[in-house]
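Please open the structure in your viewer and keep the selection tool at hand. The tour proceeds from the ligand to a pocket and then to an aromatic pair.

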Amino acid sequence: MTEIQEKYQAIASQLVDKSVTLVPVSKKKPVEDLMQIYEIGGRIFGENYVQELTEKYEQMPKDIEWQLLGHLQRNKVKYIAPFVNLIHSVDSLKLLREINKQAAKNERVINCLLQVFIAEEDSKTGMDENELPEAFAALSDLPNVKVVGLMGISTFTDNKEVVIREFRHLRKLYDEGKSSHPEWNVLSMGMSGDWQMAIEEGSTLIRVGTSIFGART
Ligand SMILES: *Cc1c(COP(=O)(O)O)cnc(C)c1O
């Protein structure tokens, strides 16, 4: 096995008894690196940039599930709408409406997560939790998007208490949302530095880049 394969397997093996999906985050990494994971059965990849995502989609096998994690500009939705499987980074109702429009053009329903701002110390993107009810209310008019849960990014800090508090808060918002949207099944939280904590706090999907592919330049 290659180093990338070993690192991927080491994390995947810790998830076997749990209902947690490992999404390798391959932004800024070459197709050859992704193919190493494909060769040992990995069929899901997370990317941050629209152009990079579309290029890799074209170059790689067609049975891959592509997920977009990074901030998405409305004018770029059209490039990924034909094939993207899950958009984690829906941070406004305007964006949700545009995804619905482009999904309809492609006769598809696109799975989405609402990204909620949870970080106490960082200026990360995402909706304010107060905006969630408005987004929920709009969904009945958006038949080509399917919201399946929430995503959040914790503060980048060594202070575990801060991170745990943020994850707990997102979990609470997720549970509240799920009570009125029983079809929800994705709570996307946890990255290289904090995925173990995220799973303890109820994550169902972890997004791991550096710990699999190494540092990005
Ligand atoms: C880059 C990125 C990741 C992966 O980060 P690592 O710390 O390298 O694991 C996860 N989620 C999002 C939204 C990202 O942008």
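A polar contact is a pair of N or O atoms within 3.5 Å. The model under inspection is predicted.

**First stop: the ligand.** Select the ligand together with the 13 residues around it; K27, N48, S192, G209 and T210 come nearest. By class, this shell consists of six nonpolar, four polar and three charged residues.

Next, display K27, where a side-chain N or O atom is 2.8 Å from an oxygen atom of the ligand. Add R216, whose side chain likewise places an N or O atom 2.8 Å from a ligand oxygen. At G209 the partner belongs to the backbone: an N or O atom there lies 2.8 Å from an oxygen atom of the ligand. How much of the ligand's accessible area does the protein cover? On its own the ligand has 390 Å² of accessible area, and the protein covers 89% of it.

**Second stop: the second largest pocket.** Select N48, Y49, V50, Q51, H71, L72, Q73, K76 and Y79, which line this pocket. The space within amounts to about 150 Å³. Its lining divides into four nonpolar residues, four polar residues and one charged residue. N48 appears at both stops, as one of the residues that come nearest to the ligand and as part of this lining.

**Third stop: the aromatic rings.** The model contains four aromatic pairs. For one of them, select Y57 and F83: the rings are stacked, 3.8 Å centre to centre, with 10° between the planes. Y57 lies in helix α3 (residues 50-59) and F83 in the loop between α4 (77-80) and β4 (86-90), so this pair ties together parts that are 26 residues apart in sequence.

Key. Residues are numbered from 1 along each chain as its sequence is written. This is a predicted model: local features need pLDDT of at least 70, side-chain atom pairs count only at pLDDT 80 or more; totals for chains, interfaces and linings use all residues. Side-chain values use heavy atoms; hydrogens and water are left out. A residue is near a molecule or strand if one of its heavy atoms lies within 4 Å of it. A polar contact is a pair of N or O atoms within 3.5 Å; within protein, one must be able to donate a hydrogen and the other to accept it, and residues adjacent in sequence count only if both atoms are side-chain atoms. Accessible areas come from the Shrake-Rupley method with a 1.4 Å probe; for residues, only the protein chains shown count as cover. Ala, Val, Leu, Ile, Met, Phe, Trp, Tyr, Cys and Pro count as nonpolar, Asp, Glu, Lys and Arg as charged, and the others, Gly among them, as polar. On a 1 Å grid over the protein atoms alone, a cavity is a set of points where a 1.4 Å probe fits but cannot get out, and a pocket is an open set with protein on both sides within 12 Å along at least five of seven lines; lining residues have an atom within 4 Å of a point. Grid points are joined across faces, edges and corners, and a volume is the space filled by probe spheres set on the points. Rings of Phe, Tyr and Trp (its six-membered ring) pair if their centres lie within 6.5 Å; planes under 30 degrees apart count as stacked, over 60 as edge-to-face and the rest as tilted. Helices (H or I, at least four residues) and strands (E, at least two) are DSSP runs, numbered from the N terminus.
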